[in-house]
Amino acid sequence: MSFDLHSLVPVPWPVLQLGPDHPKAIEWMFSHWCTTWTLRRVEEVPLAKEEKKAWPPGQALIRYRFWSADWSPWQAIEKLEGEWPALSFLLSFQVEWPEFQQDAQGARRKVSPALAKLASAAQKDAA
């Protein structure tokens, strides 16, 4: 079973036609997914037998791992939670890039002022 964010929170065709490097396409991706690229290296992570057995009847767990640019796709995950309230999502991340800096509140990356402004506006819209 694959996890295709574009299938779940589609990028509109006019945005796709612009190409991945067009400023308006980057703006759309960041304001709707909170990442400027599509997810990369998406793979299902096998669960241990104990994890599978721990879930009550009628419930299941599936885990995916992927790479994302700039930040986690938290905005897209919030949209999915709103559309499918019976599903629970837990998004965790691991920072692997040296340009990220760790602080007490988690990982932060130095992003361009334009992307920082978009992220700030998106957070206000989500609240």
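The following legends accompany an overview and several close-up views of a predicted protein model.

**Figure 1. Overview of the predicted model and its secondary structure.** The protein has 127 residues, of which 25% count as buried. Its secondary structure consists of six helices and four strands, arranged along the sequence in the pattern α-α-α-β-α-β-α-β-β-α. Among contacts with a separation of 6 or more, 57% join residues 24 or more positions apart. The protein exposes about 9,500 Å², and carbon and sulfur atoms supply 57% of this area.

**Figure 2. Confidence of the prediction along the chain.** The mean pLDDT of the protein is 75, and 73% of its residues reach 70 or more. Among the elements, helix H2 (residues 13-18) has the highest mean pLDDT, 93, whereas strand S4 (residues 106-109) has the lowest, 44. Over residues 101-111 the pLDDT is below 50. Beyond near neighbours in sequence, this stretch nevertheless has 19 contacts in the model.

**Figure 3. Close-up of helix H3 and the residue that follows the helix.** Helix H3 spans residues 23-33, and its buried residues are Ala 25, Trp 28, Met 29, Phe 30 and Trp 33. An α-helix has 3.6 residues a turn, so residues three or four places apart point the same way. Cys 34 follows H3 and has a positive phi, near 70°.

**Figure 4. Close-up of the largest nonpolar core.** This core contains 13 residues, and those touching the most other members are Leu 5, Val 9, Val 11, Trp 28 and Trp 33. Helices H3 and H5 each supply at least two residues of the core. The greatest contribution comes from H3, with four residues. In soluble globular proteins, nonpolar side chains tend to be buried together.

**Figure 5. Close-up of Trp 28 and its aromatic partner, Trp 33.** The model contains one aromatic pair. The ring centres of Trp 28 and Trp 33 lie 6.5 Å apart with their planes at 65°; the pair is edge-to-face because planes over 60 degrees apart are classed in this way. Trp 28 is buried, with a relative accessible area of 13%, and Trp 33 is also buried, at 1%. Not counting residues up to four places away in sequence, Trp 28 touches Val 9, Pro 10, Val 11, Pro 12, Val 15 and Trp 33.

**Figure 6. Close-up of Thr 35 in the loop after H3.** Thr 35 is found in the loop between H3 and strand S1 (40-45). Its relative accessibility is 0%, and Thr 35 therefore counts as buried. Leaving aside neighbours within four places in sequence, Thr 35 is in contact with Met 29 and Phe 30, as well as with Ser 68, Ala 69, Asp 70, Trp 71 and Pro 73. Met 29 and Phe 30 are themselves among the buried residues of H3.

**Figure 7. Close-up of Ser 72 in the loop between strand S2 and helix H5.** Strand S2 covers residues 63-67 and helix H5 residues 74-83, with Ser 72 in the loop between them. Ser 72 has a relative accessible area of 12% and is buried. Not counting residues up to four places away in sequence, Ser 72 touches Trp 33, Cys 34 and Leu 91. Of these contacts, Trp 33 also belongs to the aromatic pair with Trp 28.

**Figure 8. Close-up of Arg 41 and the ring of Trp 67.** The charged end of Arg 41 sits over the Trp 67 ring, at 4.0 Å from the ring centre.

Definitions and conventions
Residues numbered from 1 in each chain as written. Predicted model: local features only at pLDDT ≥ 70, side-chain atom pairs only at ≥ 80, totals over all residues. Heavy atoms only, no water. Buried < 20%, exposed > 50% of the residue type's maximum accessible area, 1.4 Å probe, protein only. Contact = heavy atoms within 4.5 Å. pLDDT = per-residue confidence, 0-100. Areas by Shrake-Rupley, 256 points an atom, 1.4 Å probe, with all protein chains shown as cover. Phe/Tyr/Trp six-rings, centres within 6.5 Å; stacked < 30°, edge-to-face > 60°. Lys NZ or Arg CZ within 6 Å of the ring centre and 35° of its normal. Core = buried A, V, L, I, M, F, W, Y, C linked by side-chain atoms within 4.5 Å.
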